[in-house]
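Please open the structure in your viewer and keep the selection tool at hand. The stops below go from the whole chain to single residues and back out to the empty spaces.

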Amino acid sequence: MNNLIVSPAPHAHADDSVRKNMLRVIIALMPAFVVSLFAFGWGSLIVTLISVVSCVLFEWLITKFILRQQPVITDCSAILTGLLLAFNLPSNLPWWIVMVGAFVAIAIGKMSFGGLGQNVFNPALVGRVFLLISFPVQMTTWPRPLGWSTKYAVDAESGATPLSVMKNAIKAGDSSLLNELPDYWHAFVGYMGGSLGEISALALLLGGIYLICTKTITWHIPVSILTTVALFSGIMYWAGVEGAASPLAHLLTGGVMLGAIFMATDYVTSPMTGWGQIIYGIGIGVIVMVIRTWGAYPEGMSFAILIMNAVTPLLNMYIRPKRFGEKKKK
């Protein structure tokens with residue numbers, strides 16, 4: 001009798017790894033990081049370094065002394081978490097608050113679920129939302145962009161972001177308040193207030209194109225989010241709702257671009273199938289606009305992604321790819 005040898009999946013080998021994918025995302029974030037350095041000065045570099053080093057350190061300590069496992073920090077996942085967390089923070093945030101956010105992101109958002117590949121929620125956004133709820137004043141006070149100057153970020157004057165202007169306009173029902181918004185070109189290149197990594201739509205789009213061209217991500221999630229935000233805001237704008245900003249204003253300001261391209265596309269916390277990703281993206285876009293229009297916060301991208309992270313297991317359960325050899329049901 002001949003024995004059949006069956007090996008477990010996967011059966012195909014590909015020249016890919018977690019480390020390579022993480023490095024590609026890090027490379028894609030570099031244009032936005034460079035813009036943040038020009039816009040906010042040394043503050044961007046300091047916040048980013050503290051966030052990245054803290055995330056790597058906390059993951060190493062937890063893995064070695066609490067989980068009693070061999071630390072694996074060379075996969076660059078902790079570095080990416082620290083970078084994404086920093087991109088969602090003001091460049092003038094005190095160092096100790098950055099460390100608290102890094103601890104929450106790694107300890108609660110990632111390692112409490114078992115580590116890389118097992119977390120339900122995006123770790124960087126878990127840290128960011130915790131800081132937003134715990135330190136609302138510090139997390140909503142941004143320095144004005146310095147422009148292409150040699151001044152330091154500590155010399156910057158704090159000011160309102162475009163999202164807070166849009167929130168005040170819709171709340172007051174006064175479209176004249178929207179005159180305080182930066183013009184589209186400044187919003188596109190990154191000359192406006194906001195978190196250090198979200199201000200330049202141009203830089204983020206360049207990174208997104210790189211990720212799609214290298215097949216690190218697919219188009220489904222970014223396109224579905226951006227299309228939903230544009231349609232939702234467009235209906236309100238062209239219906240003549242007082243204080244409603246244009247679709248372009250919504251797309252170019254806040255964390256929409258950063259969230260759609262880099263945060264919502266996280267492998268672990270997003271659906272596996274194309275249709276699942278489209279539904280996931282539509283859900284994020286709708287929740288973002290509901291919070292921006294009627295919610296207490298000017299921005300809703302972080303909350304929207306975390307809510308849809310929780311829906312991801314259901315999407316994976318009910319929207320599955322056709323199995324190989326499976327007959328189509330009549």
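What follows is a tour in steps, each beginning with something to select.

**The whole chain.** Begin with everything displayed, and bear in mind that this is a predicted model. Colour the chain by confidence: the mean pLDDT is 88, and 88% of the residues reach 70 or more. In a cartoon view the secondary structure comes to 14 helices and 2 strands, and of the 330 residues in the protein chain 52% count as buried. If you draw the contacts between residues at least 6 apart in sequence, 74% of them join residues at least 24 apart.

**A stretch to treat with caution.** Select residues 148-157 next, where pLDDT stays under 50, although the model has 17 contacts for them beyond four places in sequence. Where pLDDT is low, the predicted coordinates should not be read in detail.

**Helix 7.** Move on to residues 162-172, which make up helix 7. Is this helix enclosed or open to the outside? Of its 11 residues 8 are buried, so helix 7 is largely enclosed by the rest of the structure. The buried residues are Pro162, Leu163, Ser164, Val165, Met166, Lys167, Ala169 and Ile170. To see what covers them, add helix 10 (220-238), helix 11 (247-252) and helix 13 (274-294), which are among the covering elements. Just after helix 7 comes glycine 173, and its phi is positive, near 65°.

**Proline 247.** Staying with helix 11, select proline 247, which lies in that helix. With a relative accessibility of 11%, proline 247 counts as buried, the cut-off being under 20%. Beyond its neighbours within four places in sequence, proline 247 is in contact with Ala230, Ser233, Gly234, Tyr237 and Trp238. A distance drawn between the C-alpha atoms of proline 247 and leucine 226, which are 21 residues apart along the chain, comes to 9.7 Å.

**Aromatic rings.** Now show the aromatic side chains; a search of the whole structure finds 8 aromatic pairs. One of them joins tryptophan 96 and phenylalanine 135 in an edge-to-face arrangement, with 5.4 Å centre to centre and 85° between the planes. Tryptophan 96 belongs to helix 4 (residues 95-108), whereas phenylalanine 135 sits in the loop between helix 5 (123-134) and helix 6 (136-139), so the pair ties together parts that are 39 residues apart in sequence. The two partners can also be compared by accessibility: tryptophan 96 is partly exposed, at a relative accessible area of 41%, while phenylalanine 135, at 17%, counts as buried. For a charge over a ring, select lysine 64, which lies over the face of phenylalanine 65 at 6.0 Å from the ring centre.

**The largest pocket.** Switch to a surface view and look for the largest pocket, which holds about 470 Å³ of space. It is lined by 26 residues, of which Met22, Leu80, Leu116, Asp266 and Tyr267 are the closest to its centre. Helix 1 (18-40), helix 3 (77-87), helix 5 and helix 12 (256-263) each contribute at least two residues to the lining of this pocket.

**The largest cavity.** Finish with the enclosed spaces, of which the structure holds 3 with a volume of 30 Å³ or more. The largest cavity has a volume of about 190 Å³, and among its 17 lining residues the closest to the centre are Arg128, Trp142, Leu163, Pro298 and Glu299. Helix 5 and helix 7 each supply at least two residues of the lining of this cavity.

Definitions and conventions. Residues are numbered from 1 along each chain as its sequence is written. This is a predicted model: local features need pLDDT of at least 70, side-chain atom pairs count only at pLDDT 80 or more; totals for chains, interfaces and linings use all residues. Side-chain values use heavy atoms; hydrogens and water are left out. pLDDT is the predictor's confidence in each residue, from 0 to 100. Contact means heavy atoms within 4.5 Å. Rings of Phe, Tyr and Trp (its six-membered ring) pair if their centres lie within 6.5 Å; planes under 30 degrees apart count as stacked, over 60 as edge-to-face and the rest as tilted. Helices (H or I, at least four residues) and strands (E, at least two) are DSSP runs, numbered from the N terminus. Buried means under 20% relative accessible area, exposed over 50%, partly exposed in between (1.4 Å probe, protein chains only). A charge sits over a ring if NZ of Lys or CZ of Arg is within 6 Å of the ring centre and within 35 degrees of the ring normal. On a 1 Å grid over the protein atoms alone, a cavity is a set of points where a 1.4 Å probe fits but cannot get out, and a pocket is an open set with protein on both sides within 12 Å along at least five of seven lines; lining residues have an atom within 4 Å of a point. Grid points are joined across faces, edges and corners, and a volume is the space filled by probe spheres set on the points.
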